[in-house]
Amino acid sequence: MGWWAATLERAGGPALGAALLLVALSLGLYLHFTRHFAYWRRRGVPFVPPAPFVGNVAPLFLLRRSIGGFARDLYRALPEAPAVGFWIFDKPALLIKKPELVKKILVKDFGDFGDRYTDSDVHADPLGQRNLFVIKGELWKYLRINVSPLFTSGKMKKMFHLVVKCDEQMVEYINKAYEKEKNVTLDLKEVTAKCTTDVISSCVFGINSNSLADPKAEFREFGKKTFEYTFSRGLEVIVFFFAPFLVKYFKLSFFQKDAATFLRKVFWDTIKAREESKTKRNDLIDLLIELKNKGQIDHEVNDDDKDTDGITADQKISKQFDFSGDDLVAQAAIFFVAGFETSASTMSFALYELALQPDLQTRLRNEIRDEMKKSDGKITYEMVFGMKYLDMVVSETLRKYPTLPFLDRVALRDYHDDDTGISIEKGTPIFISLLGLHTDPKYHPNPDRFDPERFSDEGKRKHVPFTYLPFGEGPHNCIGMRFGLMSAKTGIVHILAKYEVQPSERTPIPLVLNKRGVVTTTIGGVPLKFNKLND
Ligand code: HEM
């Protein structure tokens with residue numbers, strides 16, 4: 001290159017030499033960063049044409065699209081394709097659309113796609129990497145088998161009274177606001193997030209985080225920060241999910257430093273106090289202490305506790321995972337972040353839709369009141385999980401607003417699907433758009449309409465399998481599903497038993513979804529008017 005530049009310089013002067021050098025460099029870079037752009041064409045996979053240097057991910061990295069919106073755009077780009085090829089910068093990646101292939105990847109051929117693509121750096125970010133959501137391979141299997149007993153229906157029932165206590169405080173919070181101003185408008189998303197933060201900190205960390213009573217409660221502050229997508233935080237989370245190979249170069253961490261320090265301190269203080277006092281509270285801390293001391297949890301298995309079906313772990317792995325130190329805190333930390341925002345969003349989206357359709361709200365309230373009459377006004381676990389219309393409303397909410405709107409996996413070995421003819425190379429990042437599937441009119445006609453009847457017995461019979469996956473599927477599915485449903489449903493029951501919710505002049509119709517971030521959130525919260533009912 002030096003000889004060539006010198007020759008040019010002699011021929012045309014320094015300016016021409018520099019210009020030609022620049023052209024050559026640019027051409028070199030262009031050829032380098034586009035060298036994989038024939039990849040999906042060669043494999044016969046339909047694809048969205050990439051742009052040089054950025055592939056297809058410019059809208060994501062410029063924060064013009066949330067991850068859910070980006071994956072849905074890809075889903076809709078090629079209506080008839082079974083899968084859509086795209087590029088993360090210059091790396092080929094695949095979005096799976098065909099429900100039968102989704103099933104193979106998540107369930108049938110789990111062994112070939114058993115890890116998430118998402119990753120972090122175990123040294124810089126131990127809480128972010130060693131938790132159940134992110135950890136890989138045999139370590140994940142060992143961890144999943146050992147923490148699954150924390151979420152059995154028996155354990156949920158024992159924690160139910162803690163959830164009810166927080167919900168009663170939430171109603172008290174609304175009462176106070178209502179006393180100051182009749183038909184008050186409150187941001188329901190903030191109210192429910194305070195409530196579910198208290199639920200999670202009570203059930204997971206064993207403490208009262210006081211978010212409803214104290215506007216500066218630390219748990220709420222850290223929780224809020226985790227889901228607040230400033231420009232830099234917005235970019236950071238995209239890197240975890242789409243370019244995890246960059247994490248260690250930029251020393252990124254899923255849990256910001258101050259949040260990690262806070263969570264560690266709260267966790268160990270609670271463990272110490274609980275061990276010293278030798279008390280039990282039937283919460284996750286009791287169970288994590290059992291894991292710490294025995295390496296496993298003794299538990300009863302019920303028919304509906306099938307979380308670990310189909311996975312077995314190499315027990316030798318226990319030497320690498322001994323449920324101590326950060327490995328233990330990491331589980332509590334992921335339960336905290338995965339737990340409060342998801343349940344709060346579900347609650348607030350459901351109540352928003354019911355505010356817009358008062359007939360549906362009245363039908364649900366009638367069901368709640370009928371059930372409460374049967375139990376002397378008491379709200380019980382069995383009642384909450386037995387209410388059919390409540391289940392239909394929550395299911396439809398999670399269809400229209402899947403809180404985690406996409407799933408990710410990575411191919412662990414070369415894979416060929418005979419039905420579609422698609423070959424997937426080891427290492428290929430795989431994405432599934434829940435928002436795309438849930439709003440595809442082929443599977444869910446008139447998808448913008450909120451209609452709980454889709455989940456009546458008759459409606460469910462029409463469902464195409466693997467087109468409705470709000471909690472994911474297969475061995476990697478949401479471990480906290482029962483907890484999340486318990487928390488969201490119990491909260492809705494408490495609010496609707498006492499209040500009617502209505503749109504106010506501040507309520508956006510339709511809601512404006514946030515263009516940044518991992519989970520489905522709105523811009524400006526979910527403001528609704530509260531109207532107190534006579535008992
Ligand atoms: C309405 C509430 C919730 C929704 C909609 C939800 C949704 C999801 C989804 C879609 C996944 C990915 C599943 C997959 O990849 O197949 C997931 C994973 C997970 N969720 Fe939830 N979630 C909720 C509540 C919770 C709660 C309350 C907790 C904990 C207390 C929790 C903990 C987790 C964990 C640890 C994983 C990773 C599981 C694994 O990979 O083994 N989630 N969740």
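Q: Which residue of this predicted model does UniProt give the feature "binding site"?
A: The feature comes from an unreviewed UniProt entry, and the coordinates come from a predicted model. The residue sits in the loop between α20 (457-461) and α21 (481-498). The record places the "binding site" at C478.

Q: Is C478 buried, partly exposed or exposed?
A: The relative accessible area of C478 is 31%. Buried would need a value under 20% and exposed a value over 50%, so with 31% C478 counts as partly exposed.

Q: Which residues is C478 in contact with, leaving aside its neighbours within four places in sequence?
A: Here we look past the loop between α20 and α21 that holds C478. Once the neighbours within four places in sequence are left aside, the contacts of C478 are R144 and F471.

Q: How far apart are the end C-alpha atoms of α21, and what span should its 18 residues have?
A: Helix α21 covers residues 481-498. The expected span takes 1.5 Å times one less than the number of residues, so the 18 residues of α21 should span 26 Å. The end C-alpha atoms agree with this, being separated by 26 Å.

Q: How many of the 18 residues of α21 are buried?
A: Let's stay with this helix and look at its surroundings. Helix α21 is largely enclosed by the rest of the structure, because the number of its 18 residues that are buried is 16.

Q: How are α15 and α18 oriented: roughly parallel, roughly antiparallel, roughly perpendicular or oblique?
A: The axes of α15 (residues 325-356) and α18 (residues 388-400) come within 9 Å and cross at roughly 105°. Angles from 65 to 115 degrees fall in one class, so α15 and α18 are roughly perpendicular.

Q: Which residues of α18 meet α15, and what classes make up the contact?
A: On the α15 side we find T346, F349, A350, E353 and L354. Their partners in α18 are V393, V394, T397, L398 and K400. By class, the residues of this contact are six nonpolar, two polar and two charged.

Q: Is R399 of α18 buried or exposed?
A: R399 belongs to helix α18. Leaving aside neighbours within four places in sequence, R399 is in contact with H438, H444, P447, R449, R454, F455 and Y468. Its relative accessible area is 0%, so R399 is buried.

Q: What is the C-alpha separation of L360 and V393?
A: L360 is placed in helix α16, and V393 is one of the α18 residues that meet α15. Along the chain L360 and V393 are 33 residues apart. In space their C-alpha atoms are separated by 8.7 Å.

Q: Which residues does L360 touch, not counting those up to four places away in sequence?
A: L360 counts as buried at 16% relative accessibility. With residues up to four places away in sequence not counted, L360 touches L354, Y389, F450 and P452.

Q: How are α13 and α14 oriented to each other: roughly parallel, roughly antiparallel, roughly perpendicular or oblique?
A: Helix α13 (residues 257-277) and helix α14 (residues 284-294) pack with their axes 11 Å apart, at an angle of about 85°. The contact joins F267, W268, T270, I271, R274 and E275 of α13 to I285, D286, L288, I289, K292 and N293 of α14. Its classes are six nonpolar, two polar and four charged residues. With an angle of about 85°, α13 and α14 are therefore roughly perpendicular.

Q: Which peptide bond is cis, with omega near -5°?
A: Most peptide bonds are trans, so a cis one is worth a look. P510 is in the loop between β8 (499-502) and β9 (527-532). The cis bond runs from I509 to P510.

Q: Is D376 buried or exposed?
A: D376 has a positive phi of about 55° although it is not a glycine. Its place is the loop between α16 (358-374) and α17 (381-386). The relative accessible area is 77%, so D376 is exposed.

Q: Is L63 buried or exposed?
A: L63 also has a positive phi, near 60°, and is found in the loop between α3 (58-61) and α4 (67-77). Its relative accessible area is 8%, so L63 is buried.

Methods:
Residues are numbered from 1 along each chain as its sequence is written. This is a predicted model: local features need pLDDT of at least 70, side-chain atom pairs count only at pLDDT 80 or more; totals for chains, interfaces and linings use all residues. Side-chain values use heavy atoms; hydrogens and water are left out. UniProt positions are given in the numbering used here, feature names are shortened, and annotations may be inferred rather than shown by experiment. Helices (H or I, at least four residues) and strands (E, at least two) are DSSP runs, numbered from the N terminus. Buried means under 20% relative accessible area, exposed over 50%, partly exposed in between (1.4 Å probe, protein chains only). Contact means heavy atoms within 4.5 Å. Axes are lines fitted to C-alpha atoms, for helices over the stretch in contact, and angles run from 0 to 180 degrees between N-to-C directions. Angles under 35 degrees count as roughly parallel, over 145 as roughly antiparallel, 65 to 115 as roughly perpendicular and the rest as oblique. Ala, Val, Leu, Ile, Met, Phe, Trp, Tyr, Cys and Pro count as nonpolar, Asp, Glu, Lys and Arg as charged, and the others, Gly among them, as polar.
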